[in-house]
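This report describes the strand pairing and overall layout of one protein chain. The sequence and the model are shown first, and the description follows.

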Amino acid sequence: MPRREPAKVELHCPACGRDSWLLRKPRYEGFSKVGETLSCALCGHEFASEADIPFKDSRRPMVFSEDDRPRPVKVFREDEKGKMCRYCAEYVVNPFLQRCGLHKCEVQATDTCPHFHPKPPPKETAEPESPDPFKL
Ligand SMILES: [Zn+2]
């Protein structure tokens with residue numbers, strides 16, 4: 001059976017203050033293994049036990065986590081979606097902001113507006129509405 005490479009366990013080392021990873025070495029007393037040495041791979045700081053290791057798993061340095069992400073836009077009800085600015089003929093989008101051409105103001109694609117008037121849906125958001133081949 002091939003030995004599985006142990007996953008690199010990331011941690012934030014309190015001794016050197018860097019994002020490091022765990023170095024796990026068997027500790028011997030004489031010829032018998034008595035335990036493991038858990039240390040920082042960068043500075044060699046030894047952790048007394050696994051419980052003392054500030055693992056990074058719980059708080060990743062990623063800017064976006066699954067929780068931070070805004071709720072998907074797909075959950076809009078159909079009638080709401082029908083009035084959303086992104087589907088409006090007055091909706092103007094450029095790389096930095098989205099504008100309403102009618103009210104001359106900044107809007108969000110998901111805003112809704114009572115003055116909405118529809119435009120043909122853009123290609124990339126159009127649902128594949130292929131005609132039913134079985135329908136005559
Ligand atoms: Zn360290």
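## The hairpin of β2 and β3

Glu29 stands opposite Ser32 in β3, and this pair belongs to a predicted model, as does everything described below. Strand β2, which covers residues 19-29, pairs with strand β3, which covers residues 32-40, in the antiparallel sense and over 8 bridges. The two strands form a hairpin with 2 residues between them, and in that turn Gly30 has a positive phi of about 70 degrees.

Other positions place the two strands against each other in the same way as a register would be read: Arg27 stands opposite Gly35 in β3, and Arg24 stands opposite Leu38 in β3.

## The sheet of four strands

The hairpin of β2 and β3 is part of an open sheet of 4 strands, whose order is β1-β2-β3-β4 and whose pairing is antiparallel. At its edges are β1 (10-12) and β4 (46-47), each of which pairs on one side only.

On one flank, β1 and β2 pair in the antiparallel sense over 3 bridges, with Leu11 standing opposite Ser20 in β2. These strands form a hairpin with 6 residues between them, and Gly17 in the turn has a positive phi of about 70 degrees. On the other flank, β3 and β4 pair in the antiparallel sense over 2 bridges, and they form a hairpin with 5 residues between them, where Gly44 in the turn has a positive phi of about 85 degrees. Leu38 has Phe47 as its bridge partner in β4, while Arg24 stands opposite Leu38 in β3, and these two pairings can be read together at Leu38.

## The sheet of three strands

A further open sheet holds 3 strands in the order β5-β6-β7, again with antiparallel pairing. Its edges are taken by β5 (91-93) and β7 (105-106), each of which has a single partner strand, so one side of each is left without a neighbour in the sheet.

Strand β6, made of residues 98-100, is joined to β5 by 3 bridges, and the two run antiparallel. Within this pairing, Val93 stands opposite Gln98 in β6.

## The chain as a whole

How many helices and strands does the protein have? There is 1 helix, and there are 7 strands. Read from the N terminus on, the elements run β-β-β-β-α-β-β-β, and the sheets described above have the strand orders β1-β2-β3-β4 and β5-β6-β7.

Two further values describe the chain as a whole. Of the 136 residues of the protein, 8% count as buried, where a residue is counted as buried if 20 or more other C-beta atoms lie within 10 Å of its own. Among the contacts in the protein with a separation of 6 or more, 42% are accounted for by residues 24 or more positions apart.

How values were computed:
Residues numbered from 1 in each chain as written. Predicted model: local features only at pLDDT ≥ 70, side-chain atom pairs only at ≥ 80, totals over all residues. Pairing = 2+ DSSP bridges. Buried ≥ 20, exposed ≤ 12 C-beta atoms within 10 Å, placed from the backbone. Contact = placed C-beta atoms within 7 Å.
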